[in-house]
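Let's take a walk through this structure together, one stop at a time. Have the sequence and the 3D view open as we go.

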Number of protein chains: 2
Amino acid sequence: MFPWKSTLTINTTSATPIYLQIANNIIRLISSGQLTKGHKIPGSRTLSELLEVNRKTVIQAYDELTAQGWLYSHPARGTFVNDSLPIITPIPLQNKSTHDDINPKPDHSTFNFIPAYSPQPLNTIEINDGSPDHRLAPIDWIYKECKSLSKTRHGKLLHKYNDVKGDETLRKELVKYLAETRGMNITSDHILITRGSQMGIFLIASISLQASDYAVVGDSSYDAADWTIQYTGATLQRITVDQEGLNTDELERFCKNHPVRLVYITPHHHFPTTVTLSNHRRIKLLELSLKYNFTIIEDDYDYDFHYSSSPMLPLASLNHQAHVAYIGSFSKIFAPSIRVGYITAHPKLINELTKLRRIVDRQGDPLLERVIAESITSGELTRHLKKTIREYKSRRDHFCKLLKSQLGDYTNFKIPEGGMAVWTNFNEKVKLRQALAKANDHGIAVNIDKQHIRKFNAMRLGFASLNHEEAQIAIGKLSEIIKQSAF
Amino acid sequence: MFPWKSTLTINTTSATPIYLQIANNIIRLISSGQLTKGHKIPGSRTLSELLEVNRKTVIQAYDELTAQGWLYSHPARGTFVNDSLPIITPIPLQNKSTHDDINPKPDHSTFNFIPAYSPQPLNTIEINDGSPDHRLAPIDWIYKECKSLSKTRHGKLLHKYNDVKGDETLRKELVKYLAETRGMNITSDHILITRGSQMGIFLIASISLQASDYAVVGDSSYDAADWTIQYTGATLQRITVDQEGLNTDELERFCKNHPVRLVYITPHHHFPTTVTLSNHRRIKLLELSLKYNFTIIEDDYDYDFHYSSSPMLPLASLNHQAHVAYIGSFSKIFAPSIRVGYITAHPKLINELTKLRRIVDRQGDPLLERVIAESITSGELTRHLKKTIREYKSRRDHFCKLLKSQLGDYTNFKIPEGGMAVWTNFNEKVKLRQALAKANDHGIAVNIDKQHIRKFNAMRLGFASLNHEEAQIAIGKLSEIIKQSAF
């Protein structure tokens with residue numbers, strides 16, 4: 001007789017109803033060929049005794065299996081595995097009781113250039129490379145608005161499927177906002193609402209690059225943009241970044257011999273070194289984009305955070321978007337969890353990006369998008385920015401003072417004019433990588449791109465997410481670790 | 001003299017401050033080579049008179065331009081375009097005053113197989129192909145929970161950057177929920193939280209397919225899945241769908257001579273025809289996936305909506321996820337705007353999908369994900385589902401009765417056992433495509449995949465989003481249009 005008792009294991013503490021566990025197990029036995037067609041199933045009384053479950057439960061399982069056509073009942077003879085099922089050859093891998101050791105057979109691409117993500121503990125003090133402080137964000141206001149908007153007639157409609165390009169009201173408000181803050185001369189046809197900046201990078205890189213193309217980034221640059229370019233199959237070329245930003249002469253020499261289709265830049269504050277792209281390089285870059293026919297991704301992730309002089313106008317404000325695809329995000333302004341960003345580009349490019357957006361993720365969150373629009377109209381955004389800029393400026397000064405006093409002998413940095421991070425070079429006495437490996441033991445989480453640390457013995461230290469007290473602790477601990485590792 | 005008055009247009013009604021408009025215009029003139037290096041700029045008094053603006057405004061613009069290095073001032077001689085800028089050759093396209101007619105030069109991929117999206121008016125009665133009714137969703141509860149969760153210590157942490165795989169609590173709750181409802185035997189390592197189902201399709205197709213591969217879908221199938229497969233460059237092969245679902249014998253014949261790497265199916269209710277994949281074809285399909293080594297995307301978009309017998313267990317519950325990547329979504333359960341879905345698959349595949357998710361869109365909305373988890377724990381989800389299933393069942397019956405009584409002479413349909421739509425065949429007297437072209441004139445929006453209409457003279461009529469009164473109006477209007485077009 002079939003080893004029912006050992007094969008058909010019941011877990012009484014599981015959330016799955018027992019009748020469904022039985023039915024499910026029997027279906028698995030049939031699917032895997034262990035119960036063949038015409039096989040007689042024990043009577044409900046027998047099985048209930050074997051499994052030590054209520055007979056009604058077994059009957060319920062059989063009824064389910066019969067309704068689904070796995071079994072059939074013959075009034076006098078009993079219950080059988082359905083004859084009309086196709087011939088099944090036993091599949092060895094289905095015999096295993098655990099499946100975590102099964103190597104999935106179907107081939108799929110692997111992305112070894114993207115490191116596996118390991119989540120950091122969220123509740124320790126974290127040194128990051130320039131995250132905003134979510135605690136300053138008007139989260140309460142956002143959900144209050146979501147809730148009350150949802151009760152209105154027009155708000156209710158936002159819960160239906162909506163425009164792939166994003167909420168029309170937000171796009172119209174953005175036209176005004178971008179004109180006011182960035183002198184950008186566009187219409188709502190130039191805007192595609194995305195999730196965060198990353199989706200913007202993904203969409204533009206995917207649409208611009210073929211495997212035979214070259215894409216240029218700074219040496220070094222934002223890691224997730226590197227990965228995205230590598231994902232497309234294009235060749236990633238790094239060009240020197242100095243005190244004026246990306247070296248456009250080197251870029252020009254490279255373009256002469258290579259089909260460059262994309263240049264990814266963060267001209268306002270270069271990632272990671274925070275330098276601003278000088279105006280003659282800006283012009284040169286635009287000129288090269290026309291001459292060599294490439295798209296510029298202008299990732300302007302921290303335009304809104306400037307503490308001294310006026311920020312430089314984005315390239316997109318000069319170029320009429322024909323060769324520049326500009327990326328901005330509200331995640332940096334509000335909080336990483338508020339995933340609303342945008343691309344501005346030429347309407348023809350926006351139309352193609354919209355088609356790709358359609359298959360990547362149908363649409364965004366129209367209600368949240370409308371509330372972001374409301375934050376522009378009502379002045380909530382401006383109020384929040386004023387408050388945040390004041391606070392971040394004070395944090396920057398405090399942070400840099402601590403860095404100077406506690407690690408001045410080991411580091412070399414410039415106080416940044418804007419943004420959320422200080423590019424900090426460590427001198428050769430410091431083995432930065434080895435030192436940071438011990439951070440967790442000291443109770444701080446270091447959430448910073450390893451590539452730059454390795455390459456430059458430097459790191460981008462974010463000051464924006466740490467209040468004065470936290471900065472004191474974080475730099476105190478960092479200083480301990482660095483000093484222990486230095487000779 | 002340079003034609004300042006005609007070139008430098010000021011818009012006094014614009015949201016951009018006038019000084020920024022002036023600065024911006026001058027930067028454009030420099031960038032485009034119209035103002036060459038060393039060119040003398042008019043004095044602030046002269047320009048203020050020419051442009052009819054306050055002199056202080058012009059001074060402010062010049063100060064900004066000087067600070068940014070575009071201009072320099074010579075105390076006695078005046079203000080000039082900076083000499084140190086690179087040599088600029090005039091770029092013709094920058095001369096145009098409007099830029100919408102500029103053809104963007106950079107090459108990029110075009111996706112002609114994806115139709116441009118044209119948003120439908122949201123406030124008319126809409127006939128769709130099976131959307132849920134957002135008005136039944138506990139939206140109020142969701143935002144109330146978001147708001148109060150945000151005030152807690154652990155809720156605040158959710159506003160930081162979070163796990164790419166999605167909220168850990170939701171993944172753990174899903175393990176229990178999927179065991180209970182689908183007999184699925186998995187751990188949280190088998191789950192990746194996505195936005196809606198579409199992101200799931202995009203991620204799995206992108207990772208499974210190369211340009212030399214074949215992917216199989218039903219004839220016909222869900223349009224956005226077709227587009228996604230076409231986007232990967234793989235060849236899309238259509239296999240007949242009959243009353244038992246996808247014809248697995250035809251699939252087998254095809255697999256013998258072609259490298260099939262992916263099969264996309266909606267086995268619970270085939271999209272669009274709503275038939276359920278029979279159990280012997282399910283087994284056959286799993287068997288073929290092992291033999292020919294392809295991944296099955298099981299898009300189980302409406303598993304939770306069954307009105308008569310119990311639903312069939314998903315393939316993923318039989319196969320241990322080694323060859324099946326299963327897609328589910330809360331967008332169908334709650335509302336299209338609640339964009340939280342998931343993939344369950346083998347942990348190794350999940351790890352690679354997570355890397356791709358990282359560059360597509362960094363992460364989801366951790367707070368909303370936690371609230372969805374809370375809806376499972378607290379029973380809110382079950383309550384909502386019970387209410388919705390009761391209501392949809394009643395809407396199905398009402399809708400089908402109306403369809404029978406008003407269009408019975410023109411149509412042929414089966415009352416579906418579950419889901420949100422009725423597959424309705426129209427007889428040859430009806431020119432369905434031409435008829436529907438006039439829908440807007442009759443005040444109804446028809447939001448249904450055109451491909452099926454053209455191919456089968458049939459359409460998938462969604463009943464779930466229309467209450468009894470709306471169904472009456474919608475079918476009334478539809479009936480008018482159909483009868484007018486029939487001969």
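We can start at a single residue, Val58(B). Not counting its neighbours within four places in sequence, Val58(B) is in contact with Ile22(B), Ser44(B), Leu47(B), Ser48(B) and Val53(B). Keep in mind that what you're looking at is a predicted model. Is Val58(B) buried or exposed? With a relative accessibility of 0%, Val58(B) counts as buried, because the cut-off for that label is under 20%. To get a feel for distances in this chain, pick out Ala225(B) as well: Val58(B) and Ala225(B) sit 167 residues apart in sequence, and their C-alpha atoms are 56 Å apart in space.

Val58(B) belongs to helix H4 of chain B, so let's zoom out to that helix. H4(B) runs over residues 55–67, which makes 13 residues, and at 1.5 Å a residue it should span 18 Å; the C-alpha atoms at its ends are 18 Å apart, so the two agree. Which residues of H4(B) are buried? They are Thr57(B), Val58(B), Ala61(B), Tyr62(B), Glu64(B) and Leu65(B). These residues take up an arc of only 160 degrees around the axis, so they lie on the same side of H4(B). Turn to the face that points away from this buried side and you'll find the exposed residues Lys56(B) and Ala67(B).

So what covers the buried residues of H4(B)? The cover includes helix H2 (18–31), strand S1 (40–41), helix H3 (44–51), strand S2 (71–74) and strand S3 (78–81), which belong to chain B.

The ends of H4(B) deserve a look too. At the N-terminal end, Asn54(B) acts as a cap, with a side-chain oxygen 2.9 Å from the backbone nitrogen of Lys56(B). After the helix comes Gly69(B), which has a positive phi, near 85 degrees.

Next, hop along chain B to another helix, H11(B). This one also has 13 residues and an expected span of 18 Å at 1.5 Å a residue, and its end C-alpha atoms are 18 Å apart, which agrees. How many of its residues are buried? The count is 11 of 13, so H11(B) is mostly covered. Among the buried ones are Asn279(B), Arg281(B), Arg282(B), Ile283(B), Lys284(B) and Glu287(B), along with Leu285(B), Leu286(B), Leu288(B) and Leu290(B). Following H11(B) is Asn293(B), with a positive phi near 60 degrees.

Now for some backbone oddities. Most residues other than glycine have a negative phi, and most peptide bonds are trans. Against that background, where are the cis bonds in chain B? One joins Asp219(B) and Ser220(B), with omega at about 0 degrees. Ser220(B) is in the loop between strand S6 (214–219) and helix H9 (223–232) of chain B. Another cis peptide bond links Phe271(B) to Pro272(B), where omega is about 10 degrees. Look for Pro272(B) in the loop between strand S9 (260–265) and helix H11 (279–291) of chain B.

Let's cross over to chain A and look at its loops. Ser220(A) sits in the loop between strand S6 (214–219) and helix H9 (223–232) of chain A. At 2% relative accessibility, Ser220(A) counts as buried. Its side chain makes a polar contact, at 3.1 Å, with the side chain of His452(A). Beyond neighbours within four places in sequence, the residues in contact with Ser220(A) include Val241(A), His270(A), Phe271(A), Pro272(A), Gln451(A) and Phe456(A).

Two residues of chain A stand out for their phi. Thr274(A) isn't a glycine, yet its phi is positive, near 70 degrees. Thr274(A) is found in the loop between strand S9 (260–265) and helix H11 (279–291) of chain A, and it is buried, with a relative accessible area of 15%. Asn293(A), also not a glycine, has a positive phi near 60 degrees. Asn293(A) lies in the loop between H11 and strand S10 (295–299) of chain A, and is buried at a relative accessible area of 16%.

Finally, step back and take in chain A as a whole. It has 18 helices and 16 strands. Its radius of gyration is 30 Å, well over the 23 Å that the globule rule gives for 487 residues, so chain A is more spread out than a compact globule. Along the principal axes, its C-alpha atoms fill a box of roughly 90 × 60 × 55 Å. Even so, buried residues make up 65% of the 487 residues in chain A.

Conventions
Residues are numbered from 1 along each chain as its sequence is written. Chains are lettered from A and ligands numbered from 1 in the order in which they are written. This is a predicted model: local features need pLDDT of at least 70, side-chain atom pairs count only at pLDDT 80 or more; totals for chains, interfaces and linings use all residues. Side-chain values use heavy atoms; hydrogens and water are left out. Helices (H or I, at least four residues) and strands (E, at least two) are DSSP runs, numbered from the N terminus. The expected span of a helix is 1.5 Å times one less than its number of residues. Buried means under 20% relative accessible area, exposed over 50%, partly exposed in between (1.4 Å probe, protein chains only). The arc is that of the directions from the helix axis to the C-beta atoms. Contact means heavy atoms within 4.5 Å. A polar contact is a pair of N or O atoms within 3.5 Å; within protein, one must be able to donate a hydrogen and the other to accept it, and residues adjacent in sequence count only if both atoms are side-chain atoms. The radius of gyration is taken over C-alpha atoms; the globule rule is 2.2 Å times the number of residues to the power 0.38.
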